[in-house]
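Reader: I am new to this structure and would like a close look at a single part, the place where the two chains meet. Please take me through it slowly, in one connected account.

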2 protein chains.
Amino acid sequence: MLSNAAPLAEIWRGPIPESAHAGHIVVADETGAVTQAWGAPETVVLPRSSAKMIQALPLVASGAADAAGLAERHLALACASHEGAPLHARAVAEWLDARGLSEADLLCGPEPSRDKALRFEMIRDGETPTQLLNNCSGKHAGFLTLMQHLRAGPDYVAPDHPVQISARDAFEEVTGRDSPGFGIDGCSAPNFATKMDAMARAMSVFATAHRREDALSRAAARLVEAMIAYPLEVAGEGRACTLLMRAAREPVALKTGAEGFFVAILPERGTGIAVKAADGATRAAECAIAAVLVRLGVLDPEHPDVARFLRPEIRNRRGLSVGRIEPAADLLS
Amino acid sequence: MLSNAAPLAEIWRGPIPESAHAGHIVVADETGAVTQAWGAPETVVLPRSSAKMIQALPLVASGAADAAGLAERHLALACASHEGAPLHARAVAEWLDARGLSEADLLCGPEPSRDKALRFEMIRDGETPTQLLNNCSGKHAGFLTLMQHLRAGPDYVAPDHPVQISARDAFEEVTGRDSPGFGIDGCSAPNFATKMDAMARAMSVFATAHRREDALSRAAARLVEAMIAYPLEVAGEGRACTLLMRAAREPVALKTGAEGFFVAILPERGTGIAVKAADGATRAAECAIAAVLVRLGVLDPEHPDVARFLRPEIRNRRGLSVGRIEPAADLLS
């Protein structure tokens, strides 16, 4: 993981460089070929939640989404790592209810809301975290919808369940290679491994999907459109995915993943991007994806919602500015 | 920071290595000489809260602590990054009150308690975080006590304030070299930079202090004794410093610092240790200090409170074991 990792970001405290992050970045063009790379494109990675739009492909390509009458907003939620704000929890609850399902059918596990007002309200009311608030509840609502469509059993996160087999098939299709294995994700679903260049290629498959007519491509194009149309559903207020999608000069679908992952899909160019901070740091992945998108002209470095991820200020407990994060010079020049 | 960094720890998710941490470790003997090192001993670092026992030296060496009637427990709190549990907040409040001071004199800034029961209780009661709960409030009570002793002005965190000048002098004395500069810490006090080998040397100065009779050495020995006698005051229930100090086979003073710092003081051997995770990850610093202390025979790797930092299990939202952190093989063999 650390072999040949390239500098991504530096943490400065006053005049002293305090910490630094390295990792791997791959940019793939509309043919899926690597056009730019920092670090080692052959590194095997777990894309974690950055693979959610891949995991949602069978939901749409199978016809399950249309059979269930899902709207574009639901497709965005299926690709989301949402913050568990009221709007997210309510939308997933209604989705499940319309399918004759409930929170009890979810297997993602409970998570406290990352929306501070709701989290505090729940603590005040003595309520405990719910599965609806889990950042993956939209993905799991999608899994359940596909499960019903396939008339498969309720343990939909088991690696040999038809839902997960179809997720793996879609993953191998868009990455263009067999997956060497999987880990179990925070939400209990299998998360398939691949190489960094294959993950960037997968994102370029999504970025060019609107040019093709096969079922998987039509599904991919609809998911990309949904993410771009509903940035708030994909993450939440103040979150990198939401803010950077809104700030972009051209349509872009962005998706974070645990342990320092980030991907970008640029449908006007057919470009796919994958970022992995080798140490798993979110702050490094956010800084690096912002830097690469600035380099490509997709983001304006002066836009305040870009600057807060590209060069975030570090403030201390009294609110004093005591440091900053700087992207590695190589990413910008 | 990343130049010549050595592997510290790997994050595994099932059969897939997901992330990895590198950094710098230096072990200094009773003469202050480097006996073992991983990574680059000449790396300039900010030791952050791992320098608290150094920052507390002038409080004791000046006679301020004795003039104020401080007990050993107060000295432990002056070196602490405590979790803001009721016992910590109460002890600091009483300390300030006995000095004719109050929370309003602190300049560390407010911080939510890291003690979950208290944090939830405060949210339920509509209370906001206080400066007493700041993990550095004991250090700041020490600064204030020294400030009174020196009859100096109230802005005791200013870099040119007598309290901070004496902290810098003590820092340069025990590290054996001039500091190249400082950053402003999370608690607004200056945090002085030095090299990794100089920080390990400083810890060996503390580890051998009980053998010497000069005022600074007597102060250092008292601080080490206080930390070892009051491990709960130094951090809190469930915290690495507290649990590893309690689990050790011989007396050891341990102190974490922000951005992946950790130090150890072994008074029976005269050994000092400094650890810095280059990327700033606490999980890596905790794993690495545990590994080095296991290697030295100070910690038993089978002890459950050692294993939880040496090889922590990663559990997901449903409580399933989905991965683990492994120390780099080089640290143990």
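Author: A rotation of 180° with 0.0 Å of shift along its axis lays chain A on chain B with an RMSD of 0.0 Å, the superposition being by least squares on the C-alpha atoms of residues with pLDDT of at least 70 in both copies. That is the relation of a two-fold axis, and of the residues of chain A it is A:Arg124 that comes closest to this axis, at 2.2 Å for its C-alpha. The model is a predicted one, in which local features need pLDDT of at least 70 and side-chain atom pairs count only at pLDDT 80 or more, whereas totals for chains, interfaces and linings use all residues. Residues are numbered from 1 along each chain as its sequence is written, chains are lettered from A in the order in which they are written, and side-chain values use heavy atoms, with hydrogens and water left out.

In the interface itself, 47 residues of chain A are in contact with 47 residues of chain B, contact meaning heavy atoms within 4.5 Å. Because 100% of the interface residues of chain A are also interface residues in chain B, the copies meet through the same surface. The area buried between the two chains is about 3,700 Å², with carbon and sulfur atoms giving 57% of it; buried area is the accessible area (1.4 Å probe) that two parts lose on being put together, summed over both. On the side of chain A, the residues that lose the most area to chain B are A:Glu18, A:Ile123 and A:Arg317, which together account for 19% of what that side buries.

One of these residues, A:Glu18, also meets B:Arg48 through their side chains in a salt bridge, at 2.9 Å from N to O, where a salt bridge is a side-chain nitrogen of Lys or Arg within 4 Å of a carboxyl oxygen of Asp or Glu. Across the interface of chain A and chain B the rule finds 6 salt bridges. A:Glu111 forms a salt bridge with B:Arg317 as well, the closest N and O atoms being 3.2 Å apart. This pair crosses between chains, from the loop between helix H5 (86-98) and H6 of chain A, where A:Glu111 lies, to the loop between strand E11 (313-315) and strand E12 (321-327) of chain B, where B:Arg317 lies; helices (H or I, at least four residues) and strands (E, at least two) are DSSP runs, numbered from the N terminus.
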